[in-house]
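Student: I would like a close look at a single part of this protein chain, with its surroundings described carefully enough that I can follow them in a viewer.

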Amino acid sequence: NDSLLVVDIAIATAMRGRGFGRALLLALKSLVEPNKTPMRLAVDKQNIRAKKMYLELGFLQTESSATHDTLWWH
């Protein structure tokens with residue numbers, strides 16, 4: 001099963017909250033959507049803002065460890 005694995009989206013502290021992460025993920029979604037390629041990523045459980053954004057963008061949590069949640073978008 002092919003999927004796009006997103007690893008480490010890092011936005012400088014001073015630039016957070018301006019939509020850069022959302023824009024990046026929307027661009028990735030538009031690239032993989034025509035081929036129906038799923039996307040997955042892991043988010044630190046303490047990163048509440050990022051996880052909220054991923055859920056708003058349609059990602060679903062599928063797994064959870066002591067430190068991270070794994071989310072998929074299909």
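Which residues does Phe59 touch, not counting residues up to four places away in sequence?

Tutor: This is a predicted model, and what follows should be read with that in mind. Leaving out residues up to four places away in sequence, Phe59 touches Leu25, Met39, Leu41, Tyr54, Leu71, Trp72 and Trp73.

Several of these names return in the largest nonpolar core, which has 13 residues. Those with the most contacts inside this core are Leu25, Met39, Leu41, Tyr54, Leu71 and Phe59 itself. The elements that contribute two or more residues to the core are helix 1 (20–32), helix 2 (48–56), strand 2 (39–44) and strand 4 (68–73).

To place these elements, it helps to step back to the chain, which has 2 helices and 4 strands and, read along the sequence, follows the pattern β-α-β-α-β-β. Its radius of gyration is 12 Å, close to the 11 Å that the globule rule gives for 74 residues, so the chain is as compact as a globular protein of that length. Its C-alpha atoms fill a box of roughly 35 × 30 × 20 Å along the principal axes, and 26% of the 74 residues count as buried. Among contacts between residues at least 6 apart in sequence, 56% join residues at least 24 apart.

Strand 4 deserves the next look, since pairings with two other strands can be followed from there. Strand 2 and strand 4 run antiparallel and are joined by 6 bridges, while 4 bridges join strand 4 to strand 3 (residues 60–64), again in an antiparallel arrangement. Strand 3 and strand 4 also form a hairpin, with 3 residues between them. Leu71, one of the residues that Phe59 touches, is the bridge partner in strand 4 of Leu41 and also of Gln61.

Thr70 and Asp69, which are likewise found in strand 4, extend the picture. Thr70 counts as buried because its relative accessibility is 18%, which falls under the 20% limit. Apart from its neighbours within four places in sequence, Thr70 is in contact with Leu41, Ala42, Leu60, Gln61, Thr62 and Glu63. Asp69 is buried as well, with a relative accessible area of 4%, and its side chain is joined to that of Ser64 by a polar contact of 2.8 Å. Not counting residues up to four places away in sequence, Asp69 touches Leu41, Ala42, Val43, Lys45, Lys51, Gln61, Glu63 and Ser64. Leu41 therefore appears among the contacts of Phe59, of Thr70 and of Asp69, where contact means heavy atoms within 4.5 Å.

For contrast with these buried positions, one may turn to Ala14, which is found in the loop between strand 1 (4–6) and helix 1. Ala14 counts as exposed because its relative accessibility is 60%. The C-alpha atoms of Ala14 and Lys29, which are 15 residues apart along the chain, are separated by 25 Å. As for the surface in general, the accessible area of the chain comes to about 5,300 Å², and 54% of that belongs to carbon and sulfur atoms.

How values were computed
Residues numbered from 1 in each chain as written. Predicted model: local features only at pLDDT ≥ 70, side-chain atom pairs only at ≥ 80, totals over all residues. Heavy atoms only, no water. Core = buried A, V, L, I, M, F, W, Y, C linked by side-chain atoms within 4.5 Å. Buried < 20%, exposed > 50% of the residue type's maximum accessible area, 1.4 Å probe, protein only. Pairing = 2+ DSSP bridges. Rg over C-alpha atoms; globule rule 2.2 N^0.38 Å. Areas by Shrake-Rupley, 256 points an atom, 1.4 Å probe, with all protein chains shown as cover. Polar contact = N/O pair within 3.5 Å; in protein donor to acceptor, adjacent residues only side chain to side chain.
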